[in-house]
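Me: Could you take a close look at one part of this model for me? I'd like the open sheet, plus whatever packs around it.

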Amino acid sequence: MNSPKLRFASLSVVKHAYLNVAMAAHPRFDPVVVADDADQPDWVHARNQEFADEYNIPYVRDVERAIADYDVQVAVVNSEAERHCDLSVRAADAGLHVVQDKPMSNRVSECDRVVEAVERNGVKFLLWNRNRLPALIQAKRVVESGKIGEPYAVHADFYFAKDAGPRKDANQPKKPPINWLERQKEAHADGSDGGVGVDPMGELKIEGIYPLAYIRMLTGVDVRQVFARTTAHFHQACVDNDIEDLATVTLEMDKGILGTLCIGRIGAASHPDIGEIKIHVLGSEGALVISEARPEISVYYRGQTAAEYPHQRIADDNNFQLPEDFARAIDTDGDTMLNARAGRAICATVQAAIDSGRSGTPVVVP
C-alpha cells in the first residue's frame, strides 16, 4: 500500500488502447504524457492526441524530450508493430521499464535489439498477453499440482471471430489489391486492427503470441522446430497481401513435448463469443481441456445488435493482473510473466512457422 506511484509515458497510441487504459486504471501507474516522433503521419498524431485529450495529459512530438521533461519511470509502447521494438529500445536506453503491446515485432532481429537493451540497462520488460485469464490460471494450477502427471503433448485452437475486411471471393470481378495499412485504419472503428502498420501481417504474427504464450506457460519449455501449413482462406486482404488467415502448426519442444496449434481469423459471424479458443494438455496420468472463455454467461434479447457478443466473459481481471505483475517485478527486482527473451522466442517461433508454411518443410526456430 505504501509503494510509490510509477509515472508512465505512452509512446504512440495508434491501436485500440486497451494496454494504455489498463495501465492507467491500475493504482500504481499514472499516465503523465503521450509522446511520438514528429515525423509520423497525421493519422498517428491524431490518435495520439485523442488519447492525450481523454486523459488530460500533454502530447509531445518528441520521444526523448518527453522522457526527459516528465520524470517518467515506465514506457508503454502501443505503436504500429514495425515500430514496437525501436521505441522499446529507446525507452530502455533512457532507463525506463517497458510494457509493450503485441506482437513484439514483425522481425526477430528487432526483438534481439530489445533483449540486449533491456538486459544491458537492467530494466523490466513485459509483453502484453492473456496468461492471467481465469481458465489459464486454473489450468496452470492443475498442471503444477501434478494431477495429470508429466505433460507430453499440448494442442491449442485459437480461432478468432473477427473480420479482416471483404471476404475472399474468386467469383467477383478483379479489383485493385487491398492496401494493408488503409484496411487497418478502417478496422480501428470496430477494434479489429490488431495488425496495424505498413507491413502486412497474417494471423500468426497478429495473434500467435496468445496461444504460444499459453503453451509456453503450461509446459515451461522452448520450441525447437516447427512444421506449418498456411493459407489465405477467408479474407481478400490476406489474399492480396500474400499473408495467411488460417494455419496449422506442429511444434517440437524441449523434453520431447509435442505441440500443435490451429489458428485463424474466421469472421465475426462465425461464433457467439470472440472465437473458439481451447487448449488440450495430455499428461502421463491424465488430460486437461481448457475453454479460454470460461467462466461466461449468455445474454440474448430482442433488438440485440450484430456487433454484440451474446456470450460474455465474467470474472476476467487479466488487464489488472498484468500491471500488477509488472509492478511486482519492479518492486522486487524479479521477472515478469512474459519477459523480453520469452517474447523473442515466441516471435522466432512465429517466423519459423511462416517460413515453413511457405517452403513446405520443417524449420528450426532461430
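Reply: Here's a walk through the sheet, then the helices and the cores. Keep in mind that this is a predicted model.

Let's start with the sheet itself. It's an open one with 7 strands in the order 12-11-7-10-9-8-15, and the pairing is mixed. The edges belong to strand 12 (287-291) and strand 15 (363-364); each has a single partner strand, so one side of each is left without a neighbour in the sheet. Further in, strand 8 (residues 223-231) and strand 9 (residues 246-253) run antiparallel and are joined by 8 bridges. If you want a spot to click on there, Arg229 has Thr248 in strand 9 as its bridge partner.

Now the helices lying on it. Helix 6 (residues 134-145) crosses strand 7 (151-160), strand 11 (275-283) and strand 12, and runs at about 170 degrees to strand 12. Helix 12 (residues 340-359) lies across strand 8, strand 9 and strand 15, at about 50 degrees to strand 8.

Helix 12 turns up again when you look at the nonpolar packing. The largest nonpolar core has 95 residues, and Leu11, Met23, Leu204 and Ile279 are the ones with the most contacts inside it. Helix 12 gives the most to this core, with 9 residues. There's also a second, separate core of 8 residues, with Trp180, Ile206, Ala232 and Ala237 among them. Back in the big one, Leu11 touches, beyond four places in sequence, a set of residues including Ala35, Val63, Val77, Leu87 and Ala91.

Helix 12 also helps cover helix 5 (residues 108-121): the cover over the buried residues of helix 5 includes helix 4 (81-93), strand 6 (125-127) and helix 12. Those buried residues are Val108, Glu110, Cys111, Val114, Val115, Ala117 and Val118. Helix 5 has 14 residues and reaches 20 Å from its first C-alpha to its last, close to the 20 Å expected at 1.5 Å a residue. Right after helix 5 comes Gly122, with a positive phi near 65 degrees.

One last stop is Asn318, in helix 11 (residues 318-332). Is Asn318 buried or exposed? Its relative accessible area is 3%, and because buried means under 20%, Asn318 counts as buried. The Asn318 side chain reaches the backbone nitrogen of Arg132 at 2.9 Å. Setting aside neighbours within four places in sequence, Asn318 is in contact with Asn129, Arg130, Asn131, Arg132 and Leu133.

How values were computed: Residues are numbered from 1 along each chain as its sequence is written. This is a predicted model: local features need pLDDT of at least 70, side-chain atom pairs count only at pLDDT 80 or more; totals for chains, interfaces and linings use all residues. Side-chain values use heavy atoms; hydrogens and water are left out. Helices (H or I, at least four residues) and strands (E, at least two) are DSSP runs, numbered from the N terminus. Buried means under 20% relative accessible area, exposed over 50%, partly exposed in between (1.4 Å probe, protein chains only). A polar contact is a pair of N or O atoms within 3.5 Å; within protein, one must be able to donate a hydrogen and the other to accept it, and residues adjacent in sequence count only if both atoms are side-chain atoms. Contact means heavy atoms within 4.5 Å. Two strands pair if DSSP finds at least two bridges between them. Axes are lines fitted to C-alpha atoms, for helices over the stretch in contact, and angles run from 0 to 180 degrees between N-to-C directions. A nonpolar core is a set of buried Ala, Val, Leu, Ile, Met, Phe, Trp, Tyr and Cys residues joined through side-chain atoms within 4.5 Å. The expected span of a helix is 1.5 Å times one less than its number of residues.
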